[in-house]
Amino acid sequence: MHTDKNDQLEYYLSSLNELGEVLIDAGDIHSVGSGILRLTLGTVMASTGSVLLYNKEKNLSFLAGQGIKNKEDLSFTEKAIDHLKKHRHGHIALNHSPDWITGKLKNHIAESKAYLLLPLFHKELFLGLLCVGNKFMGETYSNNDIKILEIVSSHLTKALYNYELFKNVEEKKTELNLKLLELETLFDISIAISSVLDIDDLAEDVLWRSVGILNASKGIFLRLKKNTPILHTAATFNWVKENPLLSQNLKVFKDVQSSSQGILLSDKDETSLQQKLKEKNLIVSPLMAKNKILGYMVLCNKESRKGIEPFNSIDLDLLTALSNQAAVAMENAKLFKEITKEKQFNESILGSIATGVVTINTLGEVDSINIAATKILNTKKKDIIGNHYMFVFEKDETVVELITSCEGKNKTVSDVNIPLAVSSKDTVVNISVSPRVDPDGKMQGQVIAFEDITDVNKVKNTFKRYVSKQVVDEILDNDSKLNLGGEKRKVTVLFADIRGFTSMSEKMEPEVVVSTLNEYFSEMIDIVFKNNGTLDKIIGDELMVVYGAPISAKDDTTRAVQTASDMQEKLKELNEERKKRKEPLIAVGIGINRGEVVSGNIGSREMMDYTVIGDTVNLAARLCSAAKPGQILVSNSVFKKTRKMINYKKIEQLSLKGKRKKIDIFIVEQ
């Protein structure tokens, strides 16, 4: 008996040694499976058995089988795997069929008369099953038999797992090699076509390269055309016959449009495109950029050593990538053409406008300047391009501040009446600085616009010495104001007159008379302009001021009364100074009236005067004449308009020249 056990042990050891040789010498996984199954069944003296693999479709497929006729895939459930996990390091005796074994697996166990199931698990990963049938002569399995089977299943599990790893690595390696080749090819092509800016030349280049890479016998490059379904043949390769007339309404192209993916066609297909081209094996790829189809690339007949063969999915992936590169290059070529045309147009416009335009990039360097700007800046284009704006405008602090402000705030900033020292000490400009942004809103630099107002500024400054700022601005903004003519409007008129100036001036030297008037008018006119009054005229020692012409406002009358009050207050200060200088004091009477007048330019083409005329003006002058030194007299119309804001005292009615009846007069309480 002892001898029988030794013989059996030696037999088992011999089988395990042979198992090692099977694992080492087997060329592929099928050899391993069939070799291990044969050795296992021989070792335990079983008649039938199988090795089942768990595949990606979640079925059990036959790796090896002995004594089995039906070897179709067996459906398997997650629930069944959960039951098998409980026996991952052991076995399952099938002396009765468990409830979880159902369907085709149950039929397989019955057909193969399987007695033992050994789950093949690598950690938590289920790889398959080793099924072993009954022993010959109806013998029972010994503990040693079971141990040997568990050892064999362990080795089989490792072999299967290592094979899966190796297969995955090989697949990844092949996939990576193909992807690397594809990327290298695409990189080379993208470099080659990126510099092609003519779309027809681009089509020829891309088609030629695509045919070469995919070993196609011929090809055609098709572009969409506006306002017609007929596709434009941009390029052909090896197309001996006349170019085919193809419509984008063909079903093949419509299928490509709807799926945004290419199509493979072989002799199994019968499409109108194949019939028109008289070719069976085709590959069609859309030229797509920004989710928009620009055309199609069609290649025919993949050539190999065996002859013509159909294109495959790898070919389609590669051609799709090539087509996308081509579509992007087409868009770039189109964009370049449009930009070139737009640039030429813009340069033409910039060259003809009078406004000076300078652009600077994100580094602050000047990258363009138009002709007008070179004249305004008194420079040459070659002397300013490439220089930093800090250097160009080093003498113009305001310009630098505007550029810096625009850069920081990312919005347009501007200023007016700016001296431009870089040009000359007399140059005056209006300037605006705006951000340059790309379509995505990213800052690309700034645009500086200069408007030369040197001549206008000289005229305006000179003009303002004689008439109010409002009149100057109104005339410069609207030159129709220079025409003769007038309009009716309601205004408030103020007259201010120095009392006793004639007798006072008779006792003064002429130079002193002039200096006295200059001092008085300087202070009074400043007050007029401060309150936005229009200085109509100076008559001797009398001022005539209008509120409401040429520009009117709701508070015209209030500002007129405020001007009169400010004048009287200022005279008190002025007389204090004159008193210290032992000069005669100045006293003024003021009259104010509100009513309808005719305003406008009165005179001739050669000489005109902006003024107001009418009875309203006359009454204001009469009130001024009636006012005592230091008084401000106003009419009833002025009183009604301002009584809520100004304190008044009513005085006796006065008879004024030109008026039949006495009129109501009010005096401003100061």
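Thr-233 belongs to strand β8, which spans residues 228-237, and in this predicted model the residue counts as buried, with a relative accessibility of 17%. Leaving aside residues up to four places away in sequence, Thr-233 is in contact with Ile-220, Phe-221, Leu-222, Asn-243 and Pro-244. Because the limit for a buried residue is under 20% relative accessible area, the value of 17% places Thr-233 in that class.

From this strand the reader may turn to a sheet elsewhere in the chain. Six strands form an open sheet in the order β3-β2-β1-β6-β5-β4, and their pairing is antiparallel. The edges are occupied by β3 (74-75) and β4 (92-93), each of which has a single partner strand, so that one side of each is left without a neighbour in the sheet. Helix α3 packs on this sheet, where it touches β1, β4, β5 and β6, and the direction of the helix makes about 90 degrees with that of β5. Within the sheet, strand β1 (residues 49-54) runs antiparallel to strand β2 (residues 59-66), and 6 bridges join the two; Tyr-54, for instance, has Leu-60 in β2 as its bridge partner. In general, the strands of a sheet pair through backbone hydrogen bonds, in either a parallel or an antiparallel manner.

The helix that packs on the sheet also takes part in a contact between charged side chains. Glu-124 and Lys-85 meet through their side chains in a salt bridge, with an N to O distance of 3.8 Å. Since Glu-124 lies in the loop between β5 (114-122) and β6 (125-133), whereas Lys-85 lies in helix α3 (residues 78-85), the pair ties together parts that are 39 residues apart in sequence. The two partners fall into separate accessibility classes: Glu-124 is exposed, with a relative accessible area of 52%, while Lys-85 is partly exposed, with a relative accessible area of 27%.

The structure holds 21 salt bridges, and some of them lie within a single helix. Arg-209 forms one with Asp-205, and the closest N and O atoms of this pair are 2.8 Å apart. Both residues, Arg-209 and Asp-205, are in helix α6 (residues 199-214), 4 residues apart, which is about one turn of the helix. Arg-209 is partly exposed at 25% relative accessibility, but Asp-205 is buried, with a relative accessible area of 18%. A further pair is made by Lys-570 and Glu-573, whose side chains meet in a salt bridge of 3.4 Å, taken from N to O. Because Lys-570 and Glu-573 are 3 residues apart in helix α18 (residues 556-580), about one helical turn separates them. Here both partners are partly exposed, Lys-570 with a relative accessible area of 26% and Glu-573 with one of 47%. Beyond such pairs, Glu-519, Arg-578, Arg-581 and Glu-583 are linked in a network of salt bridges. As a general matter, side chains of opposite charge can pair when their charged atoms come close.

Last comes a surface feature of another kind. Met-45, Phe-136 and Met-137 make a nonpolar surface patch of about 380 Å². Of these residues, Met-45 lies in the loop between α2 (29-44) and β1, and Met-45 is partly exposed, with a relative accessible area of 41%.

Technical notes:
Residues are numbered from 1 along each chain as its sequence is written. This is a predicted model: local features need pLDDT of at least 70, side-chain atom pairs count only at pLDDT 80 or more; totals for chains, interfaces and linings use all residues. Side-chain values use heavy atoms; hydrogens and water are left out. A salt bridge is a side-chain nitrogen of Lys or Arg within 4 Å of a carboxyl oxygen of Asp or Glu. Buried means under 20% relative accessible area, exposed over 50%, partly exposed in between (1.4 Å probe, protein chains only). Two strands pair if DSSP finds at least two bridges between them. Contact means heavy atoms within 4.5 Å. Axes are lines fitted to C-alpha atoms, for helices over the stretch in contact, and angles run from 0 to 180 degrees between N-to-C directions. Patches are made of residues with over 30% relative accessible area and no salt bridge: like charges are joined within 9 Å, nonpolar side chains (Val, Leu, Ile, Met, Phe, Trp, Tyr) within 5 Å. Accessible areas come from the Shrake-Rupley method with a 1.4 Å probe; for residues, only the protein chains shown count as cover.
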